[in-house]
Amino acid sequence: MDAFEYRDTTLFCEKVKIEDILSEVGTPAYIYSKNAILARYHELEAAFQDNNVLICFSVKSNSNLSVCKILADEGSGFDVVSGGELFRALKAGASPSKVVFAGVGKTDEEIRYALENDIFMFNVESTNELEHITRLAGELKRMPKVALRINPDIDAKTHEKTTTGKKENKFGIDSIEAEHIIKQSQHRYPHVDICGLHVHLGSPIYTVDPYIHALEKITSLVYRCRDAGVDIAYLNIGGGYCISYTGEKVIRPKDYASKILPFVKKLQCRLIMEPGRFIVGNAGILITRVIYTKKILHGKSFVICDAAMNDLLRPALYDSFHKIWPVNTVIKMPEGENPSEKDMNVGVVDIVGPVCETSDTFARDRVLPVVNEGDVLAIFSAGAYGFSMSSTYNSRPRPCEVLVDGDQYRIIRKRETYEDLIRGEDI
Ligand code: LLP
């Protein structure tokens with residue numbers, strides 16, 4: 001479903017006019033569509049249903065409690081990377097028996113918290129971590145399931161800052177070392193049940209090839225483990241499933257499934273996936289008001305907004321492209337990344353925020369209808385790694401979050417106040 005669409009000259013989320021939300025909550029504000037989140041979750045579930053897949057929503061992509069609850073209510077599992085994310089998932093109603101815990105630096109406190117809650121599985125990234133988990137599990141008289149995260153040394157052709165499966169990256173364990181660990185597991189790591197393998201190659205990934213390449217490498221490892229008498233019952237292929245930021249078509253779950261499922265079936269493993277962006281990315285926008293416009297003599301034009309890099313970091317950190325268009329406009333939003341200026345009343349502008357850094361730029365040389373102070377812009381595809389990566393840099397209170405469901409909406413996180421900014425500080 002297309003959660004956000006223009007009807008006549010104004011933007012809607014499902015059946016709600018964005019303007020109506022704005023008049024109540026102000027800007028900047030994140031707005032999410034509940035039914036778009038559900039549609040994406042169900043699309044993935046349907047594509048992989050043959051395998052009794054365990055979908056673990058990646059909490060880091062959008063950790064709002066209400067968003068997590070939507071998925072928990074559907075029976076989704078959760079992929080967490082910290083004690084804080086586990087706390088959120090449990091608060092949202094997650095079943096601990098569907099929680100997987102990844103990350104290269106789990107502390108003893110976090111491991112203990114996860115053990116006490118009997119989570120489904122730890123994705124382990126080093127022998128040192130495995131030593132800690134087995135010791136703590138022994139103390140707590142638990143026997144947690146463990147998947148070793150394999151670093152397959154594959155270039156997933158994504159941004160260098162979000163590539164995780166190359167050998168120079170900090171993630172995972174080399175497959176030869178993993179085999180060694182698995183073969184020694186019973187006497188060296190007696191309080192863990194190593195029964196799975198995990199990979200996460202990066203994000204977002206625009207072809208299925210890196211997954212297939214990784215599965216080929218993993219397949220031979222599974223057979224070697226089984227020959228040594230250790231059953232590998234679970235294959236976790238991580239996240240990274242792409243979405244369209246430009247409006248152009250990208251591969252969908254059924255395309256992934258048709259290539260990935262044959263491997264999993266052949267190995268007779270249960271599949272685990274950790275999608276984040278795919279489920280929430282296109283289901284959210286960030287709304288921002290134009291504070292000023294300015295034109296440098298013989299130079300650039302700037303549109304200065306009330307949202308900034310502290311609210312949505314992706315363009316500053318990865319030069320990410322997000323479509324940006326006025327909430328009210330007579331000019332149709334163009335397809336693609338860089339349309340021409342042929343439409344009347346459009347200009348080429350830099351869209352920036354008020355933070356004191358040049359990287360506080362949402363778009364450079366972007367075609368945009370002429371806007372004036374007070375106009376409101378929508379920054380699209382901001383549902384993943386938007387609010388969850390926000391900060392209060394420049395002492396800017398973080399925006400509110402709103403959830404739309406049909407013709408209803410509600411605030412699912414209040415706008416922060418100046419008092420919130422100093423909470424916990426002493427003078
Ligand atoms: N599993 C693991 C182990 C991960 O590290 C990640 C994301 C995921 C699953 C979910 O990936 P997804 O399906 O959302 O692509 N901040 C960056 C993305 C960083 C992703 C980090 N790990 C961005 O804004 O593009």
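Select Val348 in strand β16 and Val367 in strand β17: the two residues stand opposite each other. The model under inspection is predicted, so local features require pLDDT of at least 70 and side-chain atom pairs count only at pLDDT 80 or more, while totals for chains, interfaces and linings use all residues. Residues are numbered from 1 along each chain as its sequence is written, and side-chain values use heavy atoms, with hydrogens and water left out.

**Around strand β16**

Extend the selection to the whole of β16, residues 346-352. Strands here are DSSP runs of E with at least two residues, helices are runs of H or I with at least four residues, and both are numbered from the N terminus. Six bridges join β16 to β17, and the two strands run antiparallel. Pairing of two strands requires that DSSP find at least two bridges between them. Now add β14, which pairs with β16 in the parallel sense over three bridges. In this pairing, Phe302 stands opposite Asp350 of β16. Colour β16 by accessibility: six of its seven residues are buried. Buried denotes under 20% relative accessible area, exposed over 50%, and partly exposed the range in between, with a 1.4 Å probe and protein chains only.

**From β17 to the loop before β14**

Remain on β17, residues 361-369, and select Asp365. Asp365 forms a salt bridge with Lys300, the closest N and O atoms being 3.0 Å apart. A salt bridge is defined as a side-chain nitrogen of Lys or Arg within 4 Å of a carboxyl oxygen of Asp or Glu. Because Lys300 lies in the loop between β13 (284-295) and β14 (301-305), the pair ties together parts that are 65 residues apart in sequence. Asp365 is partly exposed at 41% relative accessible area, and Lys300 is partly exposed at 33%.

**Further salt bridges**

The count of salt bridges comes to 20. Select next Asp405 and Lys34, whose side chains meet in one of them at 3.8 Å, N to O. Asp405 belongs to strand β19 (residues 400-405) and Lys34 to helix α2 (residues 34-47), so this pair ties together parts that are 371 residues apart in sequence. Asp405 has a relative accessible area of 34% and is partly exposed; Lys34, at 25%, is also partly exposed.

Move to Arg423 and Asp420, where the side chains meet in a salt bridge at 2.6 Å, N to O. Arg423 counts as exposed at 59% relative accessibility, whereas Asp420 is partly exposed at 28%. Then display Asp108, Arg135 and Glu139, which are joined into one network by salt bridges that share partners.

**Helices α8 and α9**

Show helix α8 (residues 209-227) with helix α9 (residues 253-267): their axes come within 10 Å and cross at roughly 5°. Axes are lines fitted to C-alpha atoms, for helices over the stretch in contact, and angles run from 0 to 180 degrees between N-to-C directions. The two helices are therefore roughly parallel to each other. Angles under 35 degrees count as roughly parallel, over 145 as roughly antiparallel, 65 to 115 as roughly perpendicular and the rest as oblique.

To view the contact, select residues of α8 including Tyr211, Leu215 and Tyr223, together with residues of α9 including Tyr256, Ile260 and Phe263. Contact means heavy atoms within 4.5 Å. By class, the contact of α8 with α9 has nine nonpolar, one polar and four charged residues. Nonpolar covers Ala, Val, Leu, Ile, Met, Phe, Trp, Tyr, Cys and Pro; charged covers Asp, Glu, Lys and Arg; the others, Gly among them, are polar.

**The sheet β1-β2-β3**

Turn to the open sheet of three strands in the order β1-β2-β3, with antiparallel pairing. Its edge strands are β1 (4-7) and β3 (16-17), each pairing on one side only. Two bridges join β2 (residues 10-13) to β3, and Phe12 stands opposite Lys17 of β3.

**Backbone details**

Select Thr27 and Pro28, whose peptide bond is cis with omega near -10°. Pro28 lies in the loop between α1 (18-25) and β4 (29-33). A further cis peptide bond runs from Ser203 to Pro204, with omega near -5°; Pro204 lies in the loop between β10 (193-198) and α8.

Finish with two non-glycine residues of positive phi. Lys141 has a phi of about 55° and is found in the loop between α6 (127-139) and β9 (145-149); at 74% relative accessibility, Lys141 is exposed. Ser381 has a phi of about 55° and lies in the loop between β18 (376-379) and β19; with a relative accessible area of 7%, Ser381 is buried.
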